[in-house]
Amino acid sequence: TSVIAVQGGVRSKGHSSRPPLALLVAAHSVQLHRCLNCCTSADQLLREASPTPSMPSMRHSWLLCLPLAASLAPVEQIKTLLKLGKIDGATGYHELDSGFCNSVYRVDTHKKPVVVKIYSAMAKARCAPACRGVVDEAVGAAGLGPQIHVRTDDALVAEFVDGETLTERDLKDDETALAIAPKLAALHALPIPEPLPRKPALWVGVDAMLACDGDALDANLLKREAARMRDAVEACTHADVLGHGDLKPSNVLRLRRGGIAFIDFELAGPNYRGYDIFKLFRTSKLPAASDASLLSFVEAYLGEGATRRAADACLLETKLFEPLTWLEAAIFFSFAAATLPEKRDEMAALARDRWAAYEDCAGAGFDAAVKNLVGNNTS
C-alpha cells in the first residue's frame, strides 16, 4: 500500500504518535474518506486526533496511515514521474520543502530513495520549458550535484543525496567556504547546455519578473535601476560561465559522506562568476564577509596558477555585484507580492527590506567601483 510519512508527530514508547490536527483537517477538506492503509474513516481519524484527558495516546499508526490527500502530496503525479524513470516500488512520501518556489518530496522505494521536485507557477515564469532541468542534468553528470533520473517541463526526479544545506553562519567557517571554491570553479567551467538562451540568465529572470507589474515597489523605478545595473555590469565584465544564478548557502549541500554538492538550478545559465560568489557570501543578519575572506575564497576558486593581479581583479568584480544581488531580491519579492495575493503583505515587506539594502550600497561607492574596474580592463 502506498503511504505518506508524518513529519512533526512525536512518537513515544509503546504507542504511535499524534499527527498535527491541521494535516487531518486538510485531508478531510478534500473529501478523502478513508485511510489508504487501514480504511479507518476520515471522521474517525479526526475524532482520534482530538486531544482529550481520556486519550493520552493514539491507537492509530500515523507513520503508516496518514491519508494521501492531494493537498499534502500529489501522489498520482509523482507515480507518473517515477514510471517515466522506470522507478518502481514507492513505499513512502516525505515532504522536504514546500513554499512559493517549488514543492519537494523524498520518495522511498524498494531500492534507493529519490527526490521529486514539482515546479511552482512562479518558478516556471522565470524559466522557459525547454530549459527546465537542463543544468541540473549537466551538473549531475559532472558529479557536482544529484544525478537526474527524470526531467519534464513540470518536474524533476533526482537521486537522494544525504546531507544538510548550509547556512549563512556556515560560510563564516573558512574550511567550509574554501571547500566550495574549487567545486564552484568546476561548475563555472562546464559547457553551457545548448537549449539555454545566450542572454545572461540573471537578466532573463529579472526581465521576466519586471514584466509582471506589481505595486509593492515602484515598478518604473525597479526597471530604471535594473537598466542602470545592467549597463554598469556589462561595461566591466562578461557573462561567460555556467552560473548557478541563486547560489545562496541553502543551495549548497554538505554531504554526510564528505564533500559538497549544488542543488536548485532553476535560475542557472550563462552568467557572471562574481554574481554567484557574492551571493554565496551575502548576509542578511550576520556581519558582512571581510575582503580578506573573499580574497581567500577567490584565490582558491582561481587555483594555484592564478596571479595576485587576477585574484584582485576577481575580488573587485565580485564586490561589484553586491547591489545587484539585493536589487534582484527586491524585484523577486515584488514579483511574489503580485503573484501570491495570499502572501502579499509578507512579500511586500521583504521587497522593501531588500530595496533598502540595495539603496545602502548602490550609490557613489558603487559608481567608483565601476569606474575603477573599467579602468583596469582598458589598461
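Here are some friendly notes on two arginines, a small sheet and the nonpolar cores of this predicted model.

1. **The sheet.** A good place to start is the open sheet, in which three strands follow the order β8-β10-β11 with antiparallel pairing. Its edge strands are β8 (163-165) and β11 (260-262), each of which pairs on one side only. From one strand to the next, the twist averages 30°. As background, the strands of a sheet pair through backbone hydrogen bonds, either parallel or antiparallel.

2. **The β8 and β10 pairing.** These strands run antiparallel and are joined by three bridges. One detail to look at in your viewer is E164, whose bridge partner in β10 is R254. Helix α7 (residues 174-189) packs on the sheet, where it touches β10 and β11. The direction of α7 makes about 45° with that of β11.

3. **R254 and its surroundings.** R254 sits in strand β10 (residues 252-255). Leaving out residues up to four places away in sequence, R254 touches G163, E164, L166, D170, T176, G259 and I260. With T176 there is also a polar contact between side chains, at 3.4 Å. If you would like a C-alpha distance to check, R254 and I180 are separated by 9.6 Å, although they are 74 residues apart along the chain.

4. **Two arginines, two exposures.** Is R254 buried or exposed? Its relative accessible area is 28%, so R254 counts as partly exposed. R354, in contrast, has a relative accessible area of 16% and is therefore buried, the cut-off being under 20%.

5. **R354 in its helix.** R354 belongs to helix α14 (residues 344-361). Its side chain makes a polar contact of 2.9 Å with the side chain of D353. Not counting residues up to four places away in sequence, R354 touches W326, A329, A330 and F333.

6. **The largest nonpolar core.** Which residues touch the most other members of this core? Of its 41 residues, they are M229, L320, F321, L324, L327 and I331. Two or more residues come from each of α8 (201-210), α9 (219-236), α10 (273-281), α13 (322-339), α14 and α15 (364-378). Helix α13 gives the largest share, 10 residues. In soluble globular proteins, nonpolar side chains tend to be buried together.

7. **I331 and a separate core.** Setting aside neighbours within four places in sequence, I331 is in contact with V206, M209, L210, L222 and A226. Apart from the largest core lies another one of 32 residues, including L190, F281, A311 and C314.

Notes
Residues numbered from 1 in each chain as written. Predicted model: local features only at pLDDT ≥ 70, side-chain atom pairs only at ≥ 80, totals over all residues. Heavy atoms only, no water. Helix = DSSP H or I, 4+ residues; strand = E, 2+ residues; numbered from the N terminus. Buried < 20%, exposed > 50% of the residue type's maximum accessible area, 1.4 Å probe, protein only. Contact = heavy atoms within 4.5 Å. Polar contact = N/O pair within 3.5 Å; in protein donor to acceptor, adjacent residues only side chain to side chain. Pairing = 2+ DSSP bridges. Axes fitted to C-alpha atoms, helices over the stretch in contact; angles between N-to-C directions. Core = buried A, V, L, I, M, F, W, Y, C linked by side-chain atoms within 4.5 Å.
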